[in-house]
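I opened a fresh page for this protein and its ligand. My plan is to look things up one at a time and jot down what turns up.

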Amino acid sequence: MTLFAILTLFPEAVEAYVRSSILGLAQEKGKVRIQLTDIRDFTRDKHRTVDDRPFGGGPGMVMKPEPIVECVEWLEREHGTFHKIALCPAGTPFRQTHAEALVAQERILLLCGRYEGFDARILSQLDFHEYSVGDFVLAGGELPALAITEAVSRLVPGVLGDERSALLDSFQVGGGLDHPHFTRPRVFRGEAVPEILLSGDHQKIDRWRQAEALKKTRARRPDLLQHENSLENPLKSQPHGAQPPPHTPTPKPHNDVSDRTRRT
Ligand SMILES: C[S@@+](CC[C@H](N)C(=O)[O-])C[C@H]1O[C@@H](n2cnc3c(N)ncnc32)[C@H](O)[C@@H]1O
């Protein structure tokens with residue numbers, strides 16, 4: 001079971017999403033565990049101070065190193081070493097391939113920033129991987145941390161109802177975009193579902209979907225087509241026989257819900 005430790009100043013906000021999303025279901029199924037830790041619980045002064053003015057002057061406040069470093073050290077003493085991620089606009093742009101690689105990690109720690117961000121020594125001293133979720137600036141790292149937690153969790157075997165869903169998504173095997181999807185009604189406001197999808201010929205349908213996916217990728221994300229042949233996703237041409245890759249779960253009994261870590 002993958003353990004995600006999310007370090008934040010706003011655990012209630014993160015918890016609300018976890019409880020009402022696929023992450024809550026994944027916890028109930030015992031596939032992931034999400035531990036929310038309030039960085040303020042690791043302060044030592046009566047005001048529970050987590051930030052201070054920047055050396056050199058300038059606007060805004062900077063997250064102090066002591067509470068965060070002590071919090072990470074406490075978590076690692078409790079659980080063992082984590083793969084540590086800091087959410088930073090200046091980090092590596094997070095991609096599906098990163099999510100795929102992270103599924104192999106047993107413990108993932110996500111550090112959410114606020115204000116102007118972290119004292120740089122937190123990142124240099126604790127072996128953090130810095131990830132950005134896009135070229136824009138949010139007020140905090142909570143949404144990016146949830147985005148990464150969800151992107152990884154939905155790849156954990158057993159989290160999605162049908163594991164083929166994740167294998168056939170955009171950016172997955174082959175790296176291109178997904179084909180268009182249609183459901184009932186057959187005609188909606190004068191626009192009919194493509195006839196081929198009603199044909200019952202699954203080989204033809206798979207070929208059509210593959211061609212549509214390629215067309216969309218060429219039009220919208222030609223950068224993904226550097227290895228165009230890799231878009232010939234064998235799963236996409238035989239979705240009915242497709243098998244998810246084997247996985248080796250390490251079942252451990254637990255019935256955790258999102259718990260707030262308190263220093264004892
Ligand atoms: C207001 S931002 C700090 C921005 C920082 N001064 C900069 O310009 O890079 C506060 C926090 O939000 C989070 N954050 C904001 N935008 C983000 C993004 N695109 N990707 C990841 N984290 C982000 C980070 O944790 C960051 O420390």
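**Entry 1: strand pairing.** Before I list partners, a working rule: I call two strands paired if DSSP finds at least two bridges between them. I also keep in mind that this is a predicted model. By that rule S5 and S6 pair, in the parallel sense, over four bridges. I then checked who faces whom: histidine 83 has isoleucine 108 in S6 as its bridge partner. The link between the two strands runs from S5 through helix H4, residues 96–102, to S6, and I noted this β-α-β crossover as right-handed. Further along, lysine 84 stands opposite leucine 109 in S6.

**Entry 2: the other neighbours.** Which strand besides S5 pairs with S6 in the parallel sense, over five bridges? I found strand S1, residues 2–8. Leucine 7 is placed opposite leucine 111 in S6. S5 has a further partner too, since S5 and S7 pair in the parallel sense over five bridges. There, leucine 87 stands opposite tyrosine 131 in S7.

**Entry 3: the whole chain.** I stepped back to take stock of the protein. I counted eight helices and ten strands. Of its 264 residues, 31% count as buried. I also looked at contacts between residues at least 6 apart in sequence, and 78% of them join residues at least 24 apart.

**Entry 4: strand S6 and the core.** How covered is strand S6, residues 107–111? Mostly: four of its five residues are buried. Next I pulled up the largest nonpolar core, which has 50 residues. Those that touch the most other members are Ile6, Leu7, Ile85, Leu87, Leu109, Leu110 and Leu111. A reminder to myself: in soluble globular proteins, nonpolar side chains tend to be buried together.

**Entry 5: leucine 110.** I picked this residue from strand S6 for a closer look. Why does leucine 110 count as buried? It has 27 C-beta neighbours inside 10 Å, and the cut-off for buried is 20 or more. Leaving out residues up to four places away in sequence, leucine 110 touches Phe4, Ile6, Leu7, Ile85, Leu87, Ala145, Ile148 and Thr149. I also took one distance: the C-alpha atoms of leucine 110 and phenylalanine 82 are separated by 9.5 Å, with their positions 28 residues apart along the chain.

**Entry 6: around the ligand.** I found 19 residues around the ligand, and those that come nearest are Leu87, Gly113, Gly117, Leu138 and Gly141. What is the make-up of this shell, in nonpolar, polar and charged residues? Eleven are nonpolar, six polar and two charged. Strand S5, residues 83–93, supplies the largest share of the shell, four residues. Leu87 was familiar by now, as I had already listed it in the core.

**Entry 7: backbone oddities.** I went looking for exceptions here, because most residues other than glycine have a negative phi, and most peptide bonds are trans. The bond from arginine 184 to proline 185 is cis, with omega near 5°. Proline 185 sits in the loop between helix H7 (164–167) and strand S8 (187–188).

Aspartate 127 has a positive phi, near 55°. I located aspartate 127 in the loop between helix H5 (120–125) and strand S7 (129–132). Is aspartate 127 buried or exposed? Exposed, because only 12 or fewer neighbours are allowed for that label and aspartate 127 has 11 other C-beta atoms within 10 Å.

Arginine 189 also has a positive phi, near 45°. Its loop lies between S8 and strand S9 (191–192). With 5 C-beta neighbours inside 10 Å, arginine 189 counts as exposed.

**Entry 8: threonine 49.** My last stop was the loop between strand S2 (32–38) and strand S3 (51–52), where threonine 49 is placed. Threonine 49 is partly exposed, because 14 other C-beta atoms lie within 10 Å. Not counting residues up to four places away in sequence, threonine 49 touches Thr43 and Lys64. From threonine 49 to methionine 63, 14 residues apart in sequence, I noted 9.2 Å, C-alpha to C-alpha.

Terms used
Residues are numbered from 1 along each chain as its sequence is written. This is a predicted model: local features need pLDDT of at least 70, side-chain atom pairs count only at pLDDT 80 or more; totals for chains, interfaces and linings use all residues. A residue is near a molecule or strand if its C-beta atom, placed from the backbone, lies within 6 Å of it. Ala, Val, Leu, Ile, Met, Phe, Trp, Tyr, Cys and Pro count as nonpolar, Asp, Glu, Lys and Arg as charged, and the others, Gly among them, as polar. A nonpolar core is a set of buried Ala, Val, Leu, Ile, Met, Phe, Trp, Tyr and Cys residues joined through C-beta atoms within 7 Å. Two residues are in contact if their C-beta atoms, placed from the backbone, lie within 7 Å. A crossover is right-handed if, with the strands pointing away from the viewer, the path from the first strand over the helix to the second runs clockwise.
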